[in-house]
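Work through these exercises with the model open beside you. Try each task before reading its solution.

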Amino acid sequence: MTAVVRARPAGAGRAATLVVRVLRVVLAAVFAGAGLAKLFGDAAMVEMFADIGAGQWLRYLVGALEVAAVIGLLTPRPAGAAAFGLVGLMTGATLINVFVLEVSPALTITLLAAAAAAVAWARRGDVRQFLPGR
C-alpha cells in the first residue's frame, strides 16, 4: 500500500487552524453570554421564550445546551461535536425566528452558517470519534 502525501503550503494550514481557533473562541463567548442569560432568567429571554409558547423549560434546556457547547468548543477534542450541536440549535432558532417570532433570522444564520458550521466542518475528523461503529 502506498501512502499519498498531499502538498499544502505551510502557511495555509497554520492560517486555517488559527481561523478555526478564533471562530471557536468567538462562538464560545457569544454562546456563554446567551446561555447564561437564559439560565439566569434575563427578562428579555424569559419574554422571548414566553412568546415562543413552549414554556420556560425550553429556555433552561437551550441555555444548558449552549453552556455545554461552550465547554466543548474550548476543549480541543469535542470542539467539532460541540459546533455540530450548535448547528442544530441554530437551525431550530432560525426556524423559530422566522415562523413563530417573525423576526429576522440574520443573527442565527450568521452564527449557524458562518461560524458553527465552519468549525464543525473543519473539525469533522474529531466528530467521527463520537459516531458508533467508526
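The model is predicted.

**Exercise 1. Alanine 117**

Place alanine 117 in its element, classify its exposure and list its contacts beyond four places in sequence.

Solution.
- Step 1: find the element. Alanine 117 lies in helix α5.
- Step 2: classify the exposure. The relative accessibility of alanine 117 is 29%, and partly exposed covers the range between 20% and 50%, so the residue counts as partly exposed.
- Step 3: list the contacts. Outside the four-place window, alanine 117 touches Val87 and Leu112.
- Step 4: check a distant pair. Glycine 80 is 37 residues from alanine 117 in sequence, and their C-alpha atoms are 9.2 Å apart.

**Exercise 2. The chain as a whole**

State how many helices and strands the chain has, then describe its burial, contacts and surface.

Solution.
- Step 1: count the elements. The chain has six helices and zero strands. Read from the N terminus, the order is α-α-α-α-α-α.
- Step 2: take the burial. Of the 134 residues in the chain, 29% are buried.
- Step 3: look at contact range. Take the contacts with a separation of 6 or more; 62% of them join residues 24 or more positions apart.
- Step 4: take the surface. About 8400 Å² is exposed by the chain, and 69% of this comes from carbon and sulfur atoms.

**Exercise 3. Buried positions of α4**

Which residues of α4 are buried, and what does alanine 83 touch?

Solution.
- Step 1: list the buried residues. In α4 they are Ala79, Gly80, Ala82, Ala83, Leu86, Val87, Leu89, Met90, Thr94 and Asn97.
- Step 2: take alanine 83, which sits in helix α4. Its relative accessible area is 0%, and buried means under 20%, so alanine 83 is buried.
- Step 3: name its partners. Apart from neighbours within four places in sequence, alanine 83 contacts Leu73, Ala116, Val119 and Ala120.
- Step 4: add a spacing. Alanine 83 and valine 70 are 13 residues apart in sequence, with 9.0 Å between their C-alpha atoms.

**Exercise 4. Threonine 94 and asparagine 97**

Classify threonine 94 and asparagine 97 as buried or exposed, and find their partners.

Solution.
- Step 1: place the pair. Threonine 94 belongs to helix α4. Asparagine 97 is in helix α4.
- Step 2: apply the cut-off. Threonine 94 has 12% relative accessibility, under the 20% limit, so it counts as buried. Asparagine 97 has 12% relative accessibility, so asparagine 97 counts as buried.
- Step 3: take the partners of threonine 94. Not counting residues up to four places away, threonine 94 touches Pro105, Thr108 and Ile109. The side chains of threonine 94 and threonine 108 are joined by a polar contact of 2.8 Å.
- Step 4: take the partners of asparagine 97. Beyond its neighbours within four places, they are Glu102, Val103, Ser104, Pro105 and Thr108.
- Step 5: add alanine 106. This residue is in helix α5. At a relative accessible area of 44%, alanine 106 is partly exposed. Alanine 106 and threonine 94 are twelve residues apart in sequence and 8.4 Å apart from C-alpha to C-alpha.

**Exercise 5. The residue after α4**

What is the phi of glutamate 102, and where does this residue lie?

Solution.
- Step 1: locate it. Glutamate 102 follows α4. It is in the loop between α4 and α5 (106-122).
- Step 2: read the angle. Phi of glutamate 102 is positive, near 55 degrees, although the residue is not glycine.
- Step 3: set the background. Most residues other than glycine have a negative phi.
- Step 4: classify the exposure. Glutamate 102 has 67% relative accessibility, and exposed means over 50%, so this residue counts as exposed.

**Exercise 6. How α2 meets α4**

Describe the crossing of α2 and α4, then sort the residues of their contact by type.

Solution.
- Step 1: choose the descriptors. Two packed helices are described by the angle and the distance between their axes.
- Step 2: give the geometry. The axes of α2 (residues 43-52) and α4 (residues 79-101) come within 10 Å and cross at roughly 65 degrees. The crossing is left-handed.
- Step 3: name the contact residues. Met48, Asp51 and Ile52 come from α2; Ile96, Val100 and Leu101 come from α4.
- Step 4: sort them. The contact of α2 with α4 has five nonpolar residues, no polar ones and one charged.

Technical notes. Residues are numbered from 1 along each chain as its sequence is written. This is a predicted model: local features need pLDDT of at least 70, side-chain atom pairs count only at pLDDT 80 or more; totals for chains, interfaces and linings use all residues. Side-chain values use heavy atoms; hydrogens and water are left out. Axes are lines fitted to C-alpha atoms, for helices over the stretch in contact, and angles run from 0 to 180 degrees between N-to-C directions. Helices (H or I, at least four residues) and strands (E, at least two) are DSSP runs, numbered from the N terminus. A crossing is left-handed if the near helix is turned anticlockwise from the far one by less than a right angle, and right-handed if clockwise. Contact means heavy atoms within 4.5 Å. Ala, Val, Leu, Ile, Met, Phe, Trp, Tyr, Cys and Pro count as nonpolar, Asp, Glu, Lys and Arg as charged, and the others, Gly among them, as polar. Buried means under 20% relative accessible area, exposed over 50%, partly exposed in between (1.4 Å probe, protein chains only). A polar contact is a pair of N or O atoms within 3.5 Å; within protein, one must be able to donate a hydrogen and the other to accept it, and residues adjacent in sequence count only if both atoms are side-chain atoms. Accessible areas come from the Shrake-Rupley method with a 1.4 Å probe; for residues, only the protein chains shown count as cover.
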